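Me: I am new to this structure and should be grateful for a close look at a single part of it. Please describe the surroundings of one residue in detail, and then follow the connections outward from there.

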Amino acid sequence: MENNKRLIITIIAVLVAGYTSIVSAQKYPFELPKLPYEYTALDPVIDAQTIEIHYSKHHATYVKNLNNAVKGTKYEGYLLDDLMLHAGEYGDAVRNNAGGHFNHALYWNSLSLNNPFDPHNEVGKAVMTTFGSLDSLKKLLNKAGATRFGSGWAWLYVTTDKKLAVCSSPNQDNPIMDISPERGIPILAIDVWEHAYYLKYQNKRVDYLNAILNAINWDAVNKNYTEALNSELLKKIKSKSGKQ
Ligand SMILES: [Fe+2]
């Protein structure tokens, strides 16, 4: 009964505020959010086994380790957003696992075979104005992911000046974090850790990037974009990064 109640509350919250926002607003004990589709939903771009291992083992472990890192400390009362915003003040366990939890939630949220780019919605218009075309944006994201040495992420993010930009970050860092040289709110996440693609693409990261950039959930990215523009978090990042 308690589980049903929690599921209903989660579904309502996701409909109201968006999948990624729910994770951002979590505090200890953090929870693995329900995957927004079946393991097979992204096949053939990403195979079901990769999704299952990635979600139920890798993402779940970040959540478990984040709880272990925060348990019994003053950070138990902190929202995930605030843990990331002040990541440089804590040890690597909080930084890596808070990032690992948020980044993977955004990654799942970023992917779909059924929500193509729309140049007329809010993020579509911003993409066209900023990058000139969807292809130009894809090239930048592909380059950001392909040139990230070792493990990390490629991002489309909203800067503190409310512009769109592309960057990459190492390990489980992201632009929300105070330790990141690029600051803002990511709205589209591409995981370039080998565990995201190795079973199907082996060492061919560029092939994975080419495929996954045609499997973006642009409806979700649009929602993330409009939420980020008006969020308190963006104001906090701006004030903390020293920009007025
Ligand atoms: Fe991952």
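Reply: Leaving aside neighbours within four places in sequence, His104 is in contact with His54, His59, Tyr62, Gly99, Trp153, Gln172, Asp191 and His195. The model in which these contacts are found is a predicted one. His104 belongs to helix 5, and its relative accessibility is 0%, so His104 counts as buried. Ala60 stands 44 residues away from His104 along the chain, and the C-alpha atoms of the two are separated by 9.7 Å.

One of the partners of His104 is His54, a residue of helix 3. His54 is buried as well, because its relative accessible area of 1% falls under the 20% limit that defines a buried residue. Residues up to four places away in sequence not counted, His54 touches His59, His104, Tyr107, Trp108, Asp191, His195 and Ala196. His59, Asp191 and His195 therefore appear in the contact lists of both His104 and His54. Between the C-alpha atoms of His54 and Leu35 there are 11 Å, with their positions 19 residues apart along the chain.

The aromatic residues extend this picture. Eleven aromatic pairs are present in the structure. In one of them, Tyr55 and Trp108 meet edge-to-face, at 6.0 Å centre to centre and with 75 degrees between the planes. Tyr55 is part of helix 3 (residues 48-70) and Trp108 is part of helix 5 (residues 92-110), so this pair ties together parts that are 53 residues apart in sequence. Tyr55 and Trp108 are both buried. They also belong to one aromatic cluster, which is formed by Tyr39, Tyr55, Tyr107, Trp108, Trp153 and Trp155. Trp153, a member of this cluster, is among the contacts of His104, while Tyr107 and Trp108 are among those of His54.

Further along helix 5 lies Ser110. Ser110 has a relative accessible area of 0% and is therefore buried. Not counting residues up to four places away in sequence, Ser110 touches Ile187, Leu188, Ala189, Ala215, Ile216 and Asn217.

A second aromatic pair leads onward from the loop between helix 5 and helix 6, where Phe117 is placed, to Trp218 in helix 10, 101 residues apart from it. The ring centres of Phe117 and Trp218 are 5.0 Å apart and the planes stand at 80 degrees, so this pair too is edge-to-face. Phe117 has a relative accessible area of 18% and is buried; Trp218, at 5% relative accessibility, also counts as buried.

Trp218 takes part in a helix contact as well. Helix 6 (residues 122-131) packs against helix 10 (residues 218-229) at an angle of about 85 degrees, and their axes are 8 Å apart. The two helices are therefore roughly perpendicular to each other. From helix 6, Glu122, Val123, Ala126 and Val127 meet Trp218, Val221, Asn222, Tyr225 and Thr226 of helix 10. Among the residues of this contact, six are nonpolar, two are polar and one is charged.

Helix 6 also packs against helix 7 (residues 134-146), at an angle of about 75 degrees and with the axes 8 Å apart. Helix 6 is therefore roughly perpendicular to helix 7. Val127, Met128 and Phe131 of helix 6 make this contact with Leu134, Ser136, Leu137 and Leu140 of helix 7. Here the residues divide into six nonpolar, one polar and no charged. Val127 of helix 6 takes part in the contact with helix 10 and in the contact with helix 7.

Some details of the backbone complete the account. In the loop between helix 2 (19-24) and helix 3 lies Pro29, and the peptide bond from Tyr28 to Pro29 is cis, with omega near 0 degrees. Pro44 lies in the loop between helix 2 and helix 3, and a cis peptide bond with omega of about 10 degrees joins Asp43 to Pro44. Asn171 is not a glycine, yet has a positive phi of about 50 degrees. Asn171 is located in the loop between strand 2 (164-170) and strand 3 (184-191), and is partly exposed, with a relative accessible area of 40%.

Definitions and conventions: Residues are numbered from 1 along each chain as its sequence is written. This is a predicted model: local features need pLDDT of at least 70, side-chain atom pairs count only at pLDDT 80 or more; totals for chains, interfaces and linings use all residues. Side-chain values use heavy atoms; hydrogens and water are left out. Axes are lines fitted to C-alpha atoms, for helices over the stretch in contact, and angles run from 0 to 180 degrees between N-to-C directions. Helices (H or I, at least four residues) and strands (E, at least two) are DSSP runs, numbered from the N terminus. Angles under 35 degrees count as roughly parallel, over 145 as roughly antiparallel, 65 to 115 as roughly perpendicular and the rest as oblique. Contact means heavy atoms within 4.5 Å. Ala, Val, Leu, Ile, Met, Phe, Trp, Tyr, Cys and Pro count as nonpolar, Asp, Glu, Lys and Arg as charged, and the others, Gly among them, as polar. Rings of Phe, Tyr and Trp (its six-membered ring) pair if their centres lie within 6.5 Å; planes under 30 degrees apart count as stacked, over 60 as edge-to-face and the rest as tilted. Buried means under 20% relative accessible area, exposed over 50%, partly exposed in between (1.4 Å probe, protein chains only).
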